[in-house]
Amino acid sequence: MHHDKILVPYDGSESAKNAVKYAVRILEDAPEAKIILFTSLAGARDVERLMGTGLQGTGFIDPNTRDYYEKLRNKTYNKAIEKMKDAIKELAPEVAANFEYVAEFSPSPVKNILEVADKFGVDSIYMGCRGASAIAGVLGSVSFGVIRSANVPVTVVK
């Protein structure tokens, strides 16, 4: 299988760290490949959706609330990117240049992972599983949802 771009959804769990390590092994045969480390952040995609655009100027929403949410989202985004960079410094510092870091807000991690995979044109997805929900002990609901709907091969790492 040819690997130019690999997506690794990352949530800081042990299985996600194992997925990073597994993806890094691909670089031995494909040293030019890029690994997109991705964190799906819970929440609405934009502040307008979160705030309800129809409520602006009605007096029901404090004008400072929008700025507060924007700052909070920016802080959350920056913290997620830093956590991913720190993880790579620990897990794979020798190939840190092969990584690209992406974080996006979405109410659905599965949909978010699939959209990022399409957006970046990845060849494959390597992801961890928690096994804590729908098909407990085999796959988590997120990994199951990605396997079921992805347009590229998905490798689930325990």
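Two strands count as paired if DSSP finds at least two bridges between them. Strand 1 and strand 2 meet that cut-off, with five bridges in the parallel sense. The views below show a predicted model.

**View 1. The whole chain: five helices and five strands.** The protein chain has 158 residues, and buried residues make up 42% of them. Read from the N terminus, the elements follow the order β-α-β-α-α-β-α-β-α-β. Take the contacts between residues at least 6 apart in sequence: 71% of these join residues at least 24 apart.

**View 2. Five strands form an open, parallel sheet.** The strand order across the sheet is 3-2-1-4-5. Which strands stand at the edges? Strand 3 (99-106) and strand 5 (154-157) do, each with a single partner strand, so each has one side without a neighbour in the sheet. From one strand to the next, the twist averages 25°.

**View 3. Strand 1 pairs with strand 2.** Strand 1 covers residues 5-9, and strand 2 covers residues 34-42. The two run in the parallel sense and share five bridges. One place to look is Leu 7, whose bridge partner in strand 2 is Ile 36. Strand 1 is mostly covered, with four of its five residues buried.

**View 4. Strand 2 also pairs with strand 3.** Here the strands are parallel, and eight bridges join them. Thr 39 has Ala 103 of strand 3 as its bridge partner. Is strand 3 mostly covered or mostly exposed? Strand 3 is mostly covered: seven of its eight residues are buried. Yet strand 3 stands at an edge of the sheet, with a single partner strand.

**View 5. Helix 1 lies across the sheet strands.** Helix 1 spans residues 14-26. Strand 1, strand 2, strand 3, strand 4 (124-128) and strand 5 are the strands that helix 1 lies across. Relative to strand 4, helix 1 runs at about 145°.

**View 6. Leu 91 of helix 3 touches Lys 17, Val 20 and Lys 21.** Helix 3 covers residues 63-91. The contact list for Leu 91 leaves out residues up to four places away in sequence. Is Leu 91 buried or exposed? Leu 91 has a relative accessible area of 18%, so Leu 91 is buried; the cut-off for buried is under 20%. A separation to check here is Leu 91 to Val 24. The two are 67 residues apart in sequence, but 9.3 Å apart in space, C-alpha to C-alpha.

**View 7. Helix 4 packs against helix 5.** Helix 4 spans residues 109-120 and helix 5 spans residues 141-149. Their axes are 9 Å apart, at an angle of about 45°. The two helices are therefore oblique to each other. Their crossing is right-handed. Helix 4 contributes Pro 109, Val 110, Ile 113 and Leu 114 to the contact. Helix 5 meets them with Ser 141, Val 142, Gly 145, Val 146 and Ser 149. By class, the residues of this contact are six nonpolar, three polar and no charged.

**View 8. Val 146 is a buried residue of helix 5.** How much of Val 146 is accessible? Its relative accessible area is 0%, so Val 146 is buried. Neighbours within four places in sequence are set aside here. Val 146 is then in contact with Val 110, Ile 113, Leu 114, Ile 125, Met 127 and Val 154. Val 110, Ile 113 and Leu 114 belong to helix 4. Asn 112 is 34 residues from Val 146 in sequence, and their C-alpha atoms are 9.7 Å apart.

**View 9. Lys 158 is exposed, in the segment after strand 5.** Lys 158 has a relative accessible area of 72%, so Lys 158 counts as exposed. Which residues does Lys 158 touch, not counting those up to four places away in sequence? They are Ser 15, Asn 18 and Cys 129. The C-alpha atoms of Lys 158 and Ala 19 are separated by 7.7 Å. Along the chain, Lys 158 and Ala 19 are 139 residues apart.

Notes: Residues are numbered from 1 along each chain as its sequence is written. This is a predicted model: local features need pLDDT of at least 70, side-chain atom pairs count only at pLDDT 80 or more; totals for chains, interfaces and linings use all residues. Side-chain values use heavy atoms; hydrogens and water are left out. Axes are lines fitted to C-alpha atoms, for helices over the stretch in contact, and angles run from 0 to 180 degrees between N-to-C directions. Angles under 35 degrees count as roughly parallel, over 145 as roughly antiparallel, 65 to 115 as roughly perpendicular and the rest as oblique. A crossing is left-handed if the near helix is turned anticlockwise from the far one by less than a right angle, and right-handed if clockwise. Contact means heavy atoms within 4.5 Å. Ala, Val, Leu, Ile, Met, Phe, Trp, Tyr, Cys and Pro count as nonpolar, Asp, Glu, Lys and Arg as charged, and the others, Gly among them, as polar. Buried means under 20% relative accessible area, exposed over 50%, partly exposed in between (1.4 Å probe, protein chains only).
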